[in-house]
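Biologist: Could you put the model up and go through it with me? I have a few loose questions about contacts, open space and annotations.

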Amino acid sequence: MSAEWSEAITASFIVVSAFLCAAAGIGLLRFPDVLSRLHAATKPQILGLGLIVVDVAVSNVSLGTVAFAIAILFFQGLTAPISAHMVGRAAYRGDHLRRDLLVTDELADAVRRADARTESRRSDDTAADESSDN
């Protein structure tokens with residue numbers, strides 16, 4: 001492959017990744033609630049970062065660079081969905097979302113059951129404390 005083609009591919013990767021990162025930033029500012037913002041913060045940002053990392057690895061091919069690029073992609077792909085999931089659950093529990101925007105609330109039954117179990121344990125503990133005091 002000629003150097004001109006390599007530079008053209010590199011430039012296109014950078015432009016597309018810049019567009020994706022800009023879309024993520026605009027989504028963070030414009031979307032109405034936490035869950036929508038999480039979508040904007042994770043998917044385009046990861047794709048943009050992935051394109052930049054692939055571009056760096058392709059334009060500077062060495063064992064160290066490729067290994068480092070694979071590590072970046074692996075850990076970013078591992079941590080971003082987990083952290084987004086945790087933030088989403090915290091937002092749901094803290095009622096920091098717009099329920100009118102939800103199409104399906106699949107978490108409602110699980111949260112209701114967990115709250116019922118917690119309340120049951122509290123009442124059992126209270127009854128046990130009162131019986132031990134007597």
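Biologist: Which residue does aspartate 115 form a salt bridge with?

Modeller: Bear in mind that this is a predicted model. In it, aspartate 115 forms a salt bridge with arginine 93, and the closest N and O atoms of the pair are 3.1 Å apart.

Biologist: And what parts does the pair tie together?

Modeller: Aspartate 115 lies in helix 4 and arginine 93 in helix 3, so the salt bridge ties together parts that are 22 residues apart in sequence.

Biologist: Is aspartate 115 buried or exposed?

Modeller: In between: aspartate 115 counts as partly exposed, at 39% relative accessibility, and its partner arginine 93 also counts as partly exposed, at 48%. The cut-offs behind those words are under 20% for buried and over 50% for exposed.

Biologist: How many salt bridges does the structure hold?

Modeller: The structure holds 5 salt bridges. Among them is one whose partners both lie in helix 4, aspartate 109 and arginine 112, which are 3 residues apart, or about one turn of the helix. Their side chains meet at 2.9 Å, taken from N to O. Aspartate 109 is partly exposed, with a relative accessible area of 45%, whereas arginine 112 counts as exposed, because its 52% relative accessibility is over the 50% cut-off.

Biologist: Which residues are joined into one network by salt bridges that share partners?

Modeller: Asp95, Arg99 and Asp105 are joined in that way. Within the network, aspartate 95 forms a salt bridge with arginine 99, where the closest N and O atoms are 3.3 Å apart. Arginine 99 is partly exposed, with a relative accessible area of 37%, and aspartate 95 is partly exposed as well, at 48%.

Biologist: Where is the place of aspartate 95?

Modeller: Aspartate 95 sits in the loop between helix 3 and helix 4, the latter covering 108-133. The backbone there deserves a look, since aspartate 95 has a positive phi of about 60° although it is not a glycine. For background, most residues other than glycine have a negative phi.

Biologist: Changing topic, how much space lies in the largest pocket?

Modeller: About 440 Å³ of space lies in the largest pocket. Its lining is made up of 20 residues, and those lying nearest its centre are Leu35, Tyr92, Leu102, Thr104 and Leu107.

Biologist: Which helix gives the most to that lining?

Modeller: Helix 3 gives the most, with 7 residues. Helix 2, which spans 34-59, and helix 3, which spans 63-93, each supply at least two residues of the lining.

Biologist: How do the lining residues divide into nonpolar, polar and charged?

Modeller: The lining of the largest pocket divides into 10 nonpolar residues, 5 polar ones and 5 charged ones.

Biologist: Why does the pocket lie between domain 1 and domain 2?

Modeller: Domain 1, at 1-99, and domain 2, at 104-133, both give residues to the lining of the largest pocket, so the pocket lies between them.

Biologist: Now the annotations. Where does UniProt place the feature "transmembrane region"?

Modeller: The UniProt record, an unreviewed entry, places that feature at residues 12-31 and 51-75. In the model, residues 12-31 are 95% helix and 0% strand, and the end C-alpha atoms of that span lie 28 Å apart.

Biologist: And how far apart are the end C-alpha atoms of residues 51-75?

Modeller: For residues 51-75 the end C-alpha atoms lie 15 Å apart, with the span being 88% helix and 0% strand. Helix 2 is given as 34-59 and helix 3 as 63-93, which is useful to keep in view when looking along that annotated span.

Biologist: One more on helix 2: is proline 44 buried or exposed?

Modeller: Proline 44, whose place is in helix 2, counts as buried, because its relative accessibility of 16% is under the 20% cut-off. The C-alpha atoms of proline 44 and alanine 18 are separated by 9.9 Å, although the two residues are 26 residues apart along the chain.

Biologist: What about threonine 79, which helix is it found in?

Modeller: Threonine 79 is found in helix 3 and counts as partly exposed, at 41% relative accessibility. The C-alpha atoms of threonine 79 and isoleucine 14, which are 65 residues apart along the chain, are separated by 23 Å.

Technical notes:
Residues numbered from 1 in each chain as written. Predicted model: local features only at pLDDT ≥ 70, side-chain atom pairs only at ≥ 80, totals over all residues. Heavy atoms only, no water. 1 Å grid on protein atoms, 1.4 Å probe; cavity = no way out; pocket = protein on both sides within 12 Å on 5 of 7 lines; lining within 4 Å. Points joined across faces, edges and corners; volume = space filled by probe spheres on them. Helix = DSSP H or I, 4+ residues; strand = E, 2+ residues; numbered from the N terminus. Nonpolar A, V, L, I, M, F, W, Y, C, P; charged D, E, K, R; others polar. Domains from an automatic or database assignment. UniProt positions renumbered as here; feature names shortened; annotations may be inferred. Salt bridge = Lys/Arg side-chain N within 4 Å of Asp/Glu carboxyl O. Buried < 20%, exposed > 50% of the residue type's maximum accessible area, 1.4 Å probe, protein only.
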